[in-house]
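Here is a protein model to work through by question and answer. Look at the sequence and the structure, then test yourself on each point.

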Amino acid sequence: MPQALEGPAATTASAAASGTPPQARRWAGVATMFGSGLSNQTGAAIGALAFPVLGPLGVVAVRQYVAALVLLAVGRPRLRSFTRHQWWPVLLLAAVFGTMNLSLYSAVDRIGLGLAVTLEFLGPLAIALAASRRRLDAGCAVLASAGVVVLMRPQPSTDYVGMGLGLVAACCWASYILLNRVVGRRIPGTQGAGAAAGVSALAFLPVGIVVAVGHPPTAWAVLCAVAAGVLSSAVPYLVDLLTLRTVPAQTFGLFMSVNPVLAAVVGWIVLGQGLGGPEWAGIGAVVAANALSIATQRT
């Protein structure tokens with residue numbers, strides 16, 4: 001689940017207060033970020049194992065339930081105190097959250113984990129590039145676009161519906177980031193995120209019931225879906241929350257660009273979804289565009 005980045009001042013103050021040597025903090029941060037990304041992509045791959053029984057819709061429903069339990073426990077939103085001014089972005093955030101996960105998992109079902117996550121990653125990349133006026137970032141946008149063209153090039157086996165779902169997930173992730181900023185300004189702490197997760201879980205409750213009645217789940221399928229919720233929602237959220245206290249926001253954003261590569265590798269190992277040279281080149285172009293843009297930003 002995408003997280004908001006803290007400012008450098010907060011990061012520095014927290015790091016100084018910890019008393020831990022800078023080198024040790026750096027390596028600990030890298031280890032936790034890698035673990036978070038690996039957990040996220042492994043969870044998605046394990047969730048895909050339940051598709052034959054629950055389908056993407058059923059797996060996403062369970063994931064929303066797990067995410068709600070975690071975020072409600074962490075955020076502890078005071079729902080009765082929310083005003084209409086606060087509720088509308090929360091409701092929009094809930095809708096975007098559910099749509100983002102559903103479109104992503106549906107894309108994974110059709111085009112594989114690596115390509116789906118790479119296309120979804122275009123959402124935050126587009127926001128980062130759109131906010132910049134540097135010529136270098138314009139070049140990064142061209143590089144990322146070239147990668148997308150390679151990934152979506154016409155072939156007899158091209159699944160354009162799956163590609164489209166990946167782009168829908170990208171738009172949802174971009175909207176999620178923008179809405180999180182609005183919610184963060186209007187509601188203190190993580191109450192807004194917790195409330196949005198709770199609303200999204202409620203919306204998926206009848207979906208889960210229909211899926212369970214129409215396709216009685218096996219214990220293995222439910223376990224895979226729960227594992228997806230824990231590994232792709234709970235673990236990344238909590239780990240990223242801790243990591244952002246000691247790792248600069250720029251470093252965190254730079255490391256996020258590794259996620260499409262991790263998704264491709266995990267998809268190959270867990271799901272047997274191999275990629276050809278052109279696909280790896282397209283993924284590499286998108287990753288390089290994001291990494292180059294963030295690495296050259298001034299803090």
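Q: Is Leu223 buried or exposed?
A: This is a predicted model, and Leu223 is found in its helix α10. The cut-off for exposed is over 50% relative accessible area. Leu223 has 52% relative accessibility, so Leu223 counts as exposed.

Q: Which helix gives the most to the nonpolar patch?
A: The nonpolar patch lies on the surface, and Leu223 and Trp268 are among its residues. Its residues have about 830 Å² of accessible area together. Helices α10 (219-243) and α12 (259-271) each supply at least two of them. With four residues, the top contributor is α12.

Q: Is Val60 buried or exposed?
A: Val60 lies in helix α3, which covers residues 51-75. Leaving aside neighbours within four places in sequence, Val60 is in contact with Gly98, Asn101, Leu102, Tyr105 and Phe204. Buried means under 20% relative accessible area. The value for Val60 is 0%, so Val60 is buried.

Q: What distance separates the C-alpha atoms of Val60 and Ser103?
A: Along the chain, Val60 and Ser103 are 43 residues apart. In space, their C-alpha atoms are separated by 9.5 Å.

Q: How many strands are there in the protein?
A: Read the elements from the N terminus on: they run α-α-α-α-α-α-α-α-α-α-α-α-α. The protein has 13 helices. The number of strands is zero.

Q: What share of the contacts between residues at least 6 apart in sequence join residues at least 24 apart?
A: A contact means heavy atoms within 4.5 Å. Take the contacts in the protein between residues at least 6 apart in sequence. The share that joins residues at least 24 apart is 89%.

Q: How many disulfides does the count come to?
A: Cys140 is buried, with a relative accessible area of 1%. Cys224 also counts as buried, at 1% relative accessibility. A disulfide needs a pair of cysteine sulfur atoms within 2.5 Å. By this rule, the count of disulfides is zero.

Q: Which element has the lowest mean pLDDT?
A: The mean pLDDT of the protein is 84, and 89% of its residues reach 70 or more. Over residues 3-18, however, pLDDT stays under 50. Where pLDDT is low, the predicted coordinates should not be read in detail. Helix α4 (residues 84-111) has the highest mean, 94, while the lowest, 42, belongs to helix α1.

Note on methods
Residues are numbered from 1 along each chain as its sequence is written. This is a predicted model: local features need pLDDT of at least 70, side-chain atom pairs count only at pLDDT 80 or more; totals for chains, interfaces and linings use all residues. Side-chain values use heavy atoms; hydrogens and water are left out. Buried means under 20% relative accessible area, exposed over 50%, partly exposed in between (1.4 Å probe, protein chains only). Helices (H or I, at least four residues) and strands (E, at least two) are DSSP runs, numbered from the N terminus. pLDDT is the predictor's confidence in each residue, from 0 to 100. Patches are made of residues with over 30% relative accessible area and no salt bridge: like charges are joined within 9 Å, nonpolar side chains (Val, Leu, Ile, Met, Phe, Trp, Tyr) within 5 Å. Accessible areas come from the Shrake-Rupley method with a 1.4 Å probe; for residues, only the protein chains shown count as cover. A salt bridge is a side-chain nitrogen of Lys or Arg within 4 Å of a carboxyl oxygen of Asp or Glu.
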